[in-house]
Amino acid sequence: MSSETYFRAPREWVAKVVEHLEQALNIEIGSTYVRSQHPLDNTKISYVVGEVEPVNEYSNDGRKSHDIELRFLIEVPINRNGFDLEALDASTRLERELLKQRFGSYEDVEDVEIVSNLPSRFDPQMGVLSRTLTMRQRVRMGPVEKTYLEIDGTELDGTTQANSSTAEAS
């Protein structure tokens, strides 16, 4: 495995997921924690890192893993016709894009699991309806330090295939 393909920190995984969605959906996704003084006039999608569940064992390649949740907040202004359906459409489009995704890092993550897609806030005073799509993915950190077993058809347990077959014939 190349030293440039592994994740050094969870933030690198978050950036990769967000970048993938931005390119696939041709949208901009920022952190939920950035506040705007302007009222919402279009559908907005942002993210927040959710729960990080402890994984109390190493992965099969010897690396430490984390089960990390990303929550995508879909906000739609309620002055639009069908605002609730627009929020539903945007959240299910994200869901379809995320399902079984590995973001090109096949050795470093497991398939995305969609945890929930729920309405999360209706605030008439702020003029916003929100839905939250929650995904979870197991992410392995760091490089693979050592290859434990290689099977290439020429050597198994220190004996070549030819030696094995002659030993059996004797």
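The legends below accompany close-up views of a predicted model.

**View 1. The hairpin of strands β4 and β5.** Strand β4 spans residues 113-123, and strand β5 covers residues 128-140. The two strands pair in the antiparallel sense, with nine bridges between them. Across this pairing, Pro119 stands opposite Arg131 of β5. Four residues lie between the two strands of the hairpin. Gly127, in the turn, has a positive phi of about 75°.

**View 2. The surroundings of Thr134 in strand β5.** Thr134 has a relative accessible area of 6%; Thr134 is therefore buried, as this value is under the 20% limit. Neighbours within four places in sequence are left aside in the contacts that follow. Thr134 is in contact with Glu69, Leu70 and Arg71, and also with Glu113, Ile114, Val115 and Ser116.

**View 3. The largest nonpolar core.** This core has 27 residues. Trp13, Val17, Phe72 and Leu98 are those with the most contacts inside it. Two or more residues come from each of the elements α1 (10-25), β2 (44-53), β3 (65-77), α2 (83-98) and β5. Helix α1 gives the largest share, six residues.

**View 4. The contacts of Phe72.** Phe72 is among the residues with the most contacts inside the largest nonpolar core. With neighbours within four places in sequence left aside, Phe72 is in contact with Val17, Leu21, Ile29, Ile45, Ser46 and Tyr47. Its further contacts are Leu94, Leu98, Arg131, Thr132, Leu133 and Met135.

Notes: Residues are numbered from 1 along each chain as its sequence is written. This is a predicted model: local features need pLDDT of at least 70, side-chain atom pairs count only at pLDDT 80 or more; totals for chains, interfaces and linings use all residues. Side-chain values use heavy atoms; hydrogens and water are left out. Buried means under 20% relative accessible area, exposed over 50%, partly exposed in between (1.4 Å probe, protein chains only). Contact means heavy atoms within 4.5 Å. Two strands pair if DSSP finds at least two bridges between them. A nonpolar core is a set of buried Ala, Val, Leu, Ile, Met, Phe, Trp, Tyr and Cys residues joined through side-chain atoms within 4.5 Å.
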